[in-house]
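Work through the exercises below with the model open. Each task is followed by a solution in steps.

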Amino acid sequence: MSSTLRKILSVIIILVVLCGWYVTVFGIGSISSVKDVLKFGLDINGGVYVVMEADTDLTGEELNQTMEQTREVLNKRVNAMGISEATVSLEGEKRLRVEMPGVDDADEAIAAIGQTAQLMFLMADGSLVLTGEDVQTAGTDVDTEHGGYKITLEFTGDGATKFAEATQNALSGTIDSTNTGVDSRAIIIMLDNEILTAPVVQSVISNGRCEITSQNGGYSLEEASTTAALIRGGALPVTLNEITSSVQTATIGADALNKSIIAGAIGLLLVFILMIVMYGLLGVMADIALALYVLLDIWAVAAIGAVLTLPGIAAIILSIGMAVDANVIIFARIREEISKGKTIRVAVAEGFRHAVVTVLDAQITTLIAAIVLYLIGSTTVKGFAITLMIGIVLSIFTAVVVTQVLIGLLAESDKFAKNKYFGVNEDGTPKQFIKTEFKFVKNRKIYYAISIAVIVIGLGLGLIRGFNYGIDFTGGTMLQLDMKQTVDTNEVISTISEYDLNPTVIRTGDNGNQIIIRTIKALDNEQRLNIVNTLGEKYGITEDDVLASEQFGPTVGNELKSNAIRSIIIASLCMLIYIIFRFKTWKYGVSSVIALLHDVLVVLAMYGIFQFTINNPFIAGILTVVGYSINNTIVIFDRLRENRNLYKRETLEANIDKSINQTLNRSVMTSLTTLLCMIPMTIMVSTSIREFIIPLIIGVIVGTYSSVFLASPILYEFSKGEQKVKYVGGTKKDK
C-alpha cells in the first residue's frame, strides 16, 4: 500500500469515527440517533412473552402442519388485539413463543391468546348452531343507538344459512334455557367452555351479518375489541399449555438500559486508558480502531434488524474486551520484531504477518462457540449469540485492516517511527507487565493438584448442599413488585403463607422498596393474581405495581440442563476438529478440549462453593467461557508451533516454557481488558445482566489460568515421548 493511500485511508477512518459517533449519539437531519433506530427486546421496552406447548401426540409432517396452523391462529389473535410488533414464532417442535411488546395487562393478554377450545354458537338450551369455521370476520363499530361500541359479525355462506335458522328458532320463545341460565331468545357465543357473550335475538337475521349491542350504554372499546378478536381468532387446533412466561415493565428495562450504557462507557474508557498506558502511541491507534469497532458493531445490529436485549448489550461490551485481544496479539509481535533489531517499518510488516494467523485461529474458535449458542440456545441466548458473532467478525476486520492502516502510517513517519512510540524501551526490550521467566512444565503437577482440589471441593459442596438452580431450571415463578415502601421480607412470607409456596423473598431496587418473590411452584395467571391481591390488601399495591414476573414449567429445567450439556459437547467437538485440522495432530486438539472442560468444571465448582444461581444465562456464560478459553490456548499453541519449527534443537519443555512466557503478557493484558469491560456492568446493572456476567468473569480468570498453566503442560504429557534426545559424538541431537 502506498504512503499516500495510507494517509487518505487514515483520514477517512478518523472522520468516520468522529462523524459516526456524533450521528450515533445525537442524530443529524433526517438521520435518527442509533437509539431511535435499534429494536429493543421486551426486557428493555417492556411487555409480555409466553411460551406454550401443544398437548398432542402428533408427529412428523402432521405435527408440523398442526403447529403452523396454530401459529397462524395465534397470529390472528395478537394482531386482532392491536398489539404493535407482536410476534408468534415456533420454538422447537411443539412450542410457540408469543411476544407482545408494550402490553400492560399481562394476565389478560396471556389468557386471551391462550383460549384453546372450539369457538361455538349455541342455542339457549346448549345445542350447537355453528362453529368458528362459519364466521368470516368480526369487528367493532360505533353504537350510535346505545352509545359506546358494538360488535359486528359476518358469516360464511353456510354460516349465514345456519344463523338465519337459529335466529328464527330463538324468536319462537320455545327454547328451554334452564340449564344455561340465559334468556330463551339468546344465542350463546362460547369459547373455551366460557361464555363470551349471550346476545338476545331481536329479529330474524338472514343476510349473513349481525350486530351485538349492549343496551347499558354500549360496550367499551376495549371490551368490544377483545371480544371481536377472540371470535375472529377462532379455535386452536390443539390445546396449548403455558410452560414459560415473563412480564417486564418498561420502567425496569429503561433503567437497566441506561445503566448498561453508562457501565459500557466506563468500561470502554478504562480500556482506552489502559491501552495508552501500556502501548503509548500504538495504544492511541488501537483506541481509534476500537472506537470504530464499537460504532460498526452497534450499527450492524441495527442494520440487520436484530432485537437488542440486555444480554445482547452485555455481549457487545464483552466483545470489546475480545476485540482488544487481536490488537494486543499484533502489538506483541511488532514489539518482538523490534527487539530483534529490525527497523520499525519491517517490524510492523513482520508483526502483522505473524499475528494474523493467530488472530484468525483464536477468533474462529470463539465464533464456533457463538454459533453453537445460536443454534441450540433459547430466544434470549440467541440474541446474545448473534450479537457476539457480529462482534467477532468486526473485531477481525478492525484489528487486521484498520489497525494495520493506522500503525503503518506511524511506521512511515520520521517523527513517530521510534521505539518509545511502539512500547519498546530504548535498550530494545519491550515494556511488559511480567518480566520474569517461569518454568511452567517443571511445576505442572502443582497446577494439576490445585485444579483437582478446586474441582473436587466445589463439586462436592454443590452435590452435598445442592446447587442453587434458578426457577428456569427447577420450574417455578418469580414476581417483582414495587411495594412503595421498605417491607419486612419475613412479614411478606407470612402474608402469602396460605398459598403454601415456600418462597424466598429479597429486597431490591435503588431504595429497597421493591421485592422479588421466588418459588419453585409454577403458578398460572390466576394464582399469580391471587398473590398480588393478597399483598394488596396488606400493603395497598395493585396489579399495576407488578414490575416483572416469570413462570417456568417443571419440564423446562430438564431441557435446559440437557441443552447445556449438549451445547458444550457439540462446541468442544467442533473446536477439536478445527484445531486438529489447523495443527495437523490430535494432541493439540485434545489438550485444548481437556483444558476447556477443566474450565467448565471449575466454573461449576465456583457456583457450588459460592451458591451463585445456575440458570439460562449461565448456559450462555459457560459457552462463552469455552470460546474465550480456547482463544487463549490457541494463541499459546500457535506460538509453540512456530517455536518448534524455529528452535528444533531445543527440548519440548524449553519450547513450551518459551512460548508461554512470550505470550504471558498478552494473556494478562487481554484478560485485564475483558474484565475492565465487565466489572462496571456487574456493579451497576440489573440482576439479569449480572447473571450473564458472573460466569464470564469467573471464566475469564479460569480460562487464562488453564491456558497458561494446564493446556501446554497437558500437551507435554502427550508429546514428551516424541522427542528422545541422544548424544552422538558429544553433540546433542534430536531423533
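## Exercise 1: A strand and its partners

Glu99, a residue of S4, is the bridge partner of Thr87. The model is a predicted one.

Task: Find which strands pair with S4, and state in which sense they run.

Solution.
1. Start from the bridge between Thr87 and Glu99 in S4. Strand S3 (residues 87-90) and S4 are joined by four bridges and run antiparallel.
2. Look at the link between these two strands. S3 and S4 make a hairpin with four residues between them, and Gly92 in the turn has a positive phi of about 80°.
3. Turn to strand S2 (residues 47-55), which pairs with S4 through seven bridges, again in the antiparallel sense. Here Val48 has Met100 of S4 as its bridge partner.
4. Check the cover of S4 (residues 95-101): five of its seven residues are buried.

## Exercise 2: A second hairpin and the loop before it

Task: Describe how S7 and S8 are joined, then decide whether Asp134 is buried or exposed.

Solution.
1. Strand S7 (residues 135-142) and strand S8 (residues 149-155) run antiparallel, with seven bridges joining them. One pair of bridge partners is Ala138 and Leu153 of S8.
2. The two strands form a hairpin with six residues between them. In its turn, Gly147 has a positive phi of about 90°.
3. Asp134 is found in the loop between strand S6 (128-131) and S7.
4. The relative accessible area of Asp134 is 8%. Buried means under 20%, so Asp134 is buried.
5. Beyond its neighbours within four places in sequence, Asp134 is in contact with Phe155, Thr156, Asp158, Gly159 and Lys162. The C-alpha atoms of Asp134 and Ala160 are 7.9 Å apart, although 26 residues separate the two along the chain.

## Exercise 3: Nonpolar cores and a helix

Task: Say which residues touch the most other members of the largest nonpolar core, and which helix gives this core its largest share.

Solution.
1. The largest nonpolar core has 92 residues, and Met275, Leu290, Ile407 and Phe422 touch the most other members.
2. Helix H10 (residues 310-339) supplies the largest share of this core, 17 residues.
3. Take Leu290 as an example. Apart from neighbours within four places in sequence, Leu290 is in contact with Leu268, Val271, Phe272, Ile320, Ala323 and Val324.
4. A second, separate core has 46 residues, including Tyr588, Val600, Ile636 and Ile656.
5. As background, nonpolar side chains in soluble globular proteins tend to be buried together.

Task: Decide whether Ile313 is buried or exposed, and list its contacts away from its sequence neighbours.

Solution.
1. Ile313 is part of helix H10. With a relative accessible area of 9%, Ile313 is buried.
2. Leaving out neighbours within four places in sequence, Ile313 is in contact with Ile44, Leu257, Ser260 and Leu308.
3. Ile313 and Ile261 lie 52 residues apart in sequence, and their C-alpha atoms are 8.3 Å apart in space.

## Exercise 4: The whole protein

Task: How many helices and strands are there, and what share of residues counts as buried?

Solution.
1. The secondary structure comprises 21 helices and 19 strands.
2. The protein has 735 residues, of which 54% count as buried.
3. Of contacts between residues at least 6 apart in sequence, 76% join residues at least 24 apart.
4. Along the principal axes, the C-alpha atoms fill a box of roughly 120 × 60 × 55 Å.

Methods:
Residues numbered from 1 in each chain as written. Predicted model: local features only at pLDDT ≥ 70, side-chain atom pairs only at ≥ 80, totals over all residues. Heavy atoms only, no water. Buried < 20%, exposed > 50% of the residue type's maximum accessible area, 1.4 Å probe, protein only. Contact = heavy atoms within 4.5 Å. Pairing = 2+ DSSP bridges. Core = buried A, V, L, I, M, F, W, Y, C linked by side-chain atoms within 4.5 Å.
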